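Colleague: Please give me a close look at a single part of this model, and then follow the chain outward to whatever surrounds it.

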Amino acid sequence: MKSPKNARIWAEPHLYNYQGFWYPAWQFQGVLECQKYFQAQDTDILLISSPKCGTTWLKALAFTIINRNSHAITSDHEQKHPLFYNNPHKLVPHLELESHINNPIFEPSSFSSSPSRLFATHLPYISLSKSAKASSCKLVYICRDTKDTFISLWHFMNELGSNHLGPNSLEEAFEMFCRGVSIFGPFWDHVLDYWKESKERPNKVLFLKYEEMREDPNFHVKRLAEFLGVPFSLEEEGSRVVEKITNLCSFEHLSNLGVNKDGKLPSGVENKTFFRGGEVGDWKNYLSPEMVEQLNRLNEEKFRGSRLEL
Ligand SMILES: Nc1ncnc2c1ncn2[C@@H]1O[C@H](COP(=O)(O)OS(=O)(=O)O)[C@@H](OP(=O)(O)O)[C@H]1O
């Protein structure tokens with residue numbers, strides 16, 4: 001199904017609805033190919049998110065955790081770790097984007113030496129391939145406060161929007177987001193489906209919250225490593241490997257690296273667009289009291305009975 005009006009929709013001329021979720025034309029083909037062709041292996045790890053919920057950060061953390069034996073955590077002085085000269089999106093391929101370019105080949109990053117293939121996706125649960133759901137591959141989902149996600153998405157899409165239709169105003173974007181019309185949205189359905197799966201199959205789906213990770217990153221890095229089957233040894237804890245990973249992957253560190261200030265992805269997107277501010281509660285600088293009330297009300301309605309709070 002195609003969006004009804006020929007207007008600016010998240011700086012896109014049209015969005016397409018498939019299985020209840022919205023996509024720009026340039027991603028739609030990749031979504032279909034990914035659902036049809038991606039063959040998950042039992043040892044795979046999929047990092048999953050609705051856009052702007054912490055994908056870049058999670059990619060950096062998971063890559064560093066699972067490859068720590070082959071890529072030791074180096075200091076600013078040594079700069080040997082791949083994160084010093086690669087944006088996290090280059091180290092962890094995004095399924096629906098890569099498949100669009102290389103269909104139907106799903107190649108893990110050549111930087112990874114882990115026996116687990118590491119991929120990321122924004123696909124909603126309903127559109128994952130059969131094997132991703134049925135195999136023993138691990139799914140790590142990260143979600144974020146609804147209001148901060150919306151503000152981050154609005155900035156990002158306006159920044160990306162290279163078409164002649166121009167940017168969306170905050171009010172236009174807000175109205176669409178609340179109706180569920182956003183990239184890989186409705187946001188609430190995306191989050192809720194993975195939340196339910198994480199409750200039903202906790203060994204299969206780990207559900208992370210951006211704000212909780214900001215609050216105590218070391219705790220969540222340990223939790224992530226345990227879930228991925230590569231817990232930290234006592235020796236590693238003693239030599240502060242957890243803290244080193246947290247620091248290496250922090251917003252402050254990654255956003256100040258040359259590669260993330262000046263580099264670009266093969267798609268042409270500038271790496272710096274993935275590092276806007278990384279603040280919790282930035283929505284307070286943008287949303288009116290009425291908008292806040294509306295998003296709070298939607299959160300309550302959509303998540304009622306699920307015990308999920310965002
Ligand atoms: N390392 C690290 N730590 C904490 N936060 C980080 C990090 N890297 C990126 N960010 C912030 O995450 C927001 C981008 O979200 P995503 O990475 O999910 O974007 S994308 O879906 O991959 O396009 C975006 O949030 P906003 O700054 O609020 O827009 C980024 O700044």
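How many bridges join strand S5 (residues 138-143) to S6?

Modeller: Five bridges join S5 to S6, and the two strands run parallel; strands here are DSSP runs of E with at least two residues, helices are runs of H or I with at least four, both numbered from the N terminus, and two strands pair if DSSP finds at least two bridges between them. This is a predicted model, in which local features need pLDDT of at least 70 and side-chain atom pairs count only at pLDDT 80 or more, while totals for chains, interfaces and linings use all residues. Residues are numbered from 1 along each chain as its sequence is written, and side-chain values use heavy atoms, with hydrogens and water left out.

Within this pairing, Tyr141 stands opposite Phe207 of S6. Five of the five residues of S6 (residues 205-209) are buried, so the strand is largely enclosed by the rest of the structure; buried means under 20% relative accessible area, exposed over 50%, and partly exposed in between, with a 1.4 Å probe and protein chains only. In a regular strand the side chains alternate between the two faces of the sheet. In S6, Val205, Phe207 and Lys209 point one way and Leu206 and Leu208 the other, all of them buried.

Moving on to the ligand, helix H9 (210-215) is one of the helices that supply at least two residues each to the shell around it, along with H2 (55-66), H6 (146-160) and H13 (251-255), and H2 gives the most, with three. Tyr210 is among the residues that come nearest, together with Thr55, Thr56, Ser152 and Gly278, out of 23 around the ligand, where near means that a heavy atom lies within 4 Å. An oxygen atom of the ligand is 2.5 Å from a side-chain N or O atom of Thr56, and an oxygen atom of the ligand is 2.7 Å from one in the side chain of Arg276, a polar contact being a pair of N or O atoms within 3.5 Å. The protein covers 98% of the 640 Å² of accessible area that the ligand has on its own, by the Shrake-Rupley method with a 1.4 Å probe.

Helix H9 also takes part in a salt bridge (a side-chain nitrogen of Lys or Arg within 4 Å of a carboxyl oxygen of Asp or Glu): Glu252 pairs with Arg214, their closest N and O atoms being 4.0 Å apart. Because Glu252 lies in H13 and Arg214 in H9, the pair ties together parts 38 residues apart in sequence.

Note on methods:
Polar contact = N/O pair within 3.5 Å; in protein donor to acceptor, adjacent residues only side chain to side chain.
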